[in-house]
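Me: Please take a close look at a single part of this structure, the space enclosed inside it, and then set that part beside its other packing arrangements. I am new to this structure and would welcome one connected account.

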Amino acid sequence: MATVMQKIKDIEDEMARTQKNKATAHHLGLLKAKLAKLRRELLTPTSKGGGGGGGEGFDVTKSGDSRVGLVGFPSVGKSTLLNKLTGTFSEVASYEFTTLTCIPGVITYRGAKIQLLDLPGIIEGAKDGKGRGRQVISTARTCNCILIVLDAIKPITHKRLIEKELEGFGIRLNKQPPNLTFRKKDKGGINFTSTVTNTNLDLDTVKAICSEYRIHNADITLRYDATADDLIDVIEGSRIYMPCIYVINKIDQITLEELEILDKLPHYCPVSAHLEWNLDGLLEKIWEYLNLTRIYTKPKGMNPDYEDPVILSSKKRTVEDFCERIHKDMVKQFKYALVWGSSAKHKPQRVGKEHELEDE
């Protein structure tokens, strides 16, 4: 493991020394590709020796309709937040590293059950295997949304450090997957086309990155001004794109002027877990970022059951997805569905399994 760590450090040092300009873009692209491969090795060690398991997370069974992870440095108030939101007990103390394993809790909000995970504090260097960082981040990868909990009285640079740790593990926060097509083929070399003017990538850089992955024949099409990092993300294929909310805790200890500045920043939510300030605002934001769809079932000749909705992700909300959510065999016997509400043209409307359902 130490050798992989040393290689990562050497490459990072070389990247820091290299000036960024057109002449060095090709060299930097190659270094970034090497770095991405080494990081993947850290996550999934190939040795069968006593080097410890791969990037396994904490053993917490996934429950509820969605999963939200609390990530942050030690002693920022993650456990207090979990206790107040879910009523689950997670030990709270004023010293660091009070939580040493993953504590789950459940929030019931607007009919949905949201599992909240209090993950142990991250330390700098977690992405390189320090502390229990690898377990923390492997569990964070299974979440549908991440809450990065920050202390209002600590420097805002902590935000950047946590982002760096998560990005090192292939979690991309509040980003969309790169809009580029990458297709391997058997022969014909590297074909590189772009529909826009490119300032970051040229054919040489693309070829260098591909050869690092031993890819010699591929078609690559860009639809926007992509960077070397974007191309590496697509080749690696294991990146997770996830919504993230920055929860600024302990706002009772800062001035009103500071709070007003924080309130204007995107993806931010100021709270005081201890005094229970703005926890409703946080729940509202979590709901918005999870982007869930609630579907109510209606037994024949009776009123709809508004107490217990079936919860679907907004990306998968066709009638077929709804059937899958209830039981795998339901789709096989499916003939048609009767739908009421905003997705129906008339009430009720007979629809097939491709029909997209709206919230409520």
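Reply: The element β4 gives the largest share of the lining of the largest cavity, namely 3 residues. The model is predicted, with local features needing pLDDT of at least 70 and side-chain atom pairs pLDDT 80 or more, while totals for chains, interfaces and linings use all residues. Residues are numbered from 1 along each chain as its sequence is written, and side-chain values rest on heavy atoms, without hydrogens or water.

A cavity is a set of points on a 1 Å grid over the protein atoms alone where a 1.4 Å probe fits but cannot get out, and lining residues have an atom within 4 Å of a point. The count comes to 1 cavity of 30 Å³ or more, and the largest cavity has a volume of about 30 Å³ (the space filled by probe spheres set on the points). Its lining consists of Phe73, Val76, Val149, Leu150, Asp151, Lys154, Pro155, His158 and Ile162. Two or more of these residues come from each of β4 (145-151) and α5 (157-168); helices (H or I, at least four residues) and strands (E, at least two) are DSSP runs numbered from the N terminus. By class, the lining of the largest cavity divides into 6 nonpolar, 1 polar and 2 charged residues.

Elsewhere, an open sheet of 3 strands follows the order β6-β8-β7 with mixed pairing, where pairing requires at least two DSSP bridges between two strands. At its edges stand β6 (180-184) and β7 (190-194), each of which pairs on one side only. Neighbouring strands of this sheet are turned against each other by 5 degrees on average, direction ignored. The strands β7 and β8 (residues 218-222) run parallel and are joined by 5 bridges; isoleucine 190 has alanine 218 in β8 as its bridge partner. Helix α6 (residues 203-212) packs on the sheet and touches β6, β7 and β8, its direction making about 135 degrees with that of β7. Helix α7 (residues 228-236) lies across β6 and β8, at about 45 degrees to β6.

A further packing arrangement involves two helices. Helix α3 (residues 78-86) and helix α9 (residues 279-290) pack at an angle of about 85 degrees, with axes 11 Å apart. The two are therefore roughly perpendicular, a term for angles of 65 to 115 degrees. In contact (heavy atoms within 4.5 Å), Leu81, Lys84 and Leu85 of α3 meet Leu279, Leu282 and Leu283 of α9. This contact comprises 5 nonpolar residues, no polar residues and 1 charged residue.

Terms used
Axes fitted to C-alpha atoms, helices over the stretch in contact; angles between N-to-C directions. Parallel < 35°, antiparallel > 145°, perpendicular 65-115°, else oblique. Nonpolar A, V, L, I, M, F, W, Y, C, P; charged D, E, K, R; others polar. 1 Å grid on protein atoms, 1.4 Å probe; cavity = no way out; pocket = protein on both sides within 12 Å on 5 of 7 lines; lining within 4 Å.
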